[in-house]
Amino acid sequence: MNSVQGLLAASVISIQNSCFIYPACQNCFSRLILDSRRFHCLKCGCTGEAKDASYRYRLSLKIADTNDLFDITVFGSCLDPFFGVTAKNLQRYIQDFNQLSGETNTESSTRALVHAVETCFIGKRFIFGV
């Protein structure tokens, strides 16, 4: 699953999603179903307390090399250096910010994060392992 078969030098044209973090199963990395108290993985059946859920980065990008356009998704800890923290810590910072600011609508923090990610990635050239 993690074997790189080739490298692609390409520029990021756009960010395809606004949700860069997801609750992930520690066993199979699938998206967890969360409620206020518990999590459940539909793929492997793993369960636990919601406060113990792990989070993972998922960044979907449209990229272009000199000839073609590609849709790619970058997962996991390889994004830690770009965000400066792990996905779990970023999720906690966002929750703490929303709580401290009294935000009931998380749209403003989501907009700020999307803008920061667009500024960091759009127009920049990276080497992607595919």
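**Fold, core and charged side chains of the predicted model**

At 32% relative accessibility, E118 counts as partly exposed, and this residue is found in helix α3. The C-alpha atom of E118 is separated by 19 Å from that of R56, although the two residues are 62 positions apart along the chain. These values, like those that follow, were computed from a predicted model.

The protein chain contains three helices and eight strands. Read from the N terminus, the order of these elements is β-β-β-β-β-β-β-α-α-α-β, so that, with elements numbered from the N terminus, the strand that follows the helices is β8. Along its principal axes, the C-alpha trace of the protein chain spans about 50 × 35 × 20 Å. Among the contacts in the protein chain with a separation of 6 or more, 58% are accounted for by residues that lie 24 or more positions apart.

Of the 130 residues in the protein chain, 35% are buried. The surface that the chain exposes amounts to about 8400 Å², and 53% of this area is supplied by carbon and sulfur atoms.

The largest nonpolar core comprises 29 residues, of which F20, L61 and F128 touch the most other members. At least two residues of this core are supplied by each of the strands β1 (7–15), β4 (38–41), β6 (54–64), β7 (69–75) and β8 (125–129), and likewise by each of the helices α2 (87–101) and α3 (107–121). Strand β6 gives the most to the core, with five residues. When residues up to four places away in sequence are not counted, F20 touches I15, R56, Y57, R58, L59, F83, L113, V114 and V117. Of these partners, R56, Y57, R58 and L59 fall within the residue range of β6, whereas L113, V114 and V117 fall within that of α3. R56 is thus both a contact of F20 and the residue whose C-alpha atom is separated by 19 Å from that of E118.

With regard to charge, the protein chain carries 13 positive and 11 negative side chains, and the centres of the two sets lie 4 Å apart. The structure holds three salt bridges. One of them is formed by the side chains of D71 and K62, with a nitrogen-to-oxygen distance of 2.9 Å. D71 is exposed, with a relative accessible area of 56%, whereas K62, at 23% relative accessibility, counts as partly exposed. The position of K62 lies within the range of β6, and that of D71 within the range of β7.

Salt bridges that share partners join E49, K51 and D52 into one network. Within this network, the side chains of E49 and K51 meet at 3.8 Å, N to O, and those of D52 and K51 meet at 3.3 Å, N to O. K51, which takes part in both of these salt bridges, is exposed, with a relative accessible area of 63%. E49 is partly exposed, with a relative accessible area of 38%, and D52 is also partly exposed, with a value of 39%. Because buried residues are those under 20% relative accessible area, neither E49 at 38% nor D52 at 39% is counted as buried.

Notes:
Residues numbered from 1 in each chain as written. Predicted model: local features only at pLDDT ≥ 70, side-chain atom pairs only at ≥ 80, totals over all residues. Heavy atoms only, no water. Helix = DSSP H or I, 4+ residues; strand = E, 2+ residues; numbered from the N terminus. Buried < 20%, exposed > 50% of the residue type's maximum accessible area, 1.4 Å probe, protein only. Contact = heavy atoms within 4.5 Å. Areas by Shrake-Rupley, 256 points an atom, 1.4 Å probe, with all protein chains shown as cover. Lys, Arg positive; Asp, Glu negative; His and termini not counted. Charge placed at Lys NZ, Arg CZ, Asp CG, Glu CD. Core = buried A, V, L, I, M, F, W, Y, C linked by side-chain atoms within 4.5 Å. Salt bridge = Lys/Arg side-chain N within 4 Å of Asp/Glu carboxyl O.
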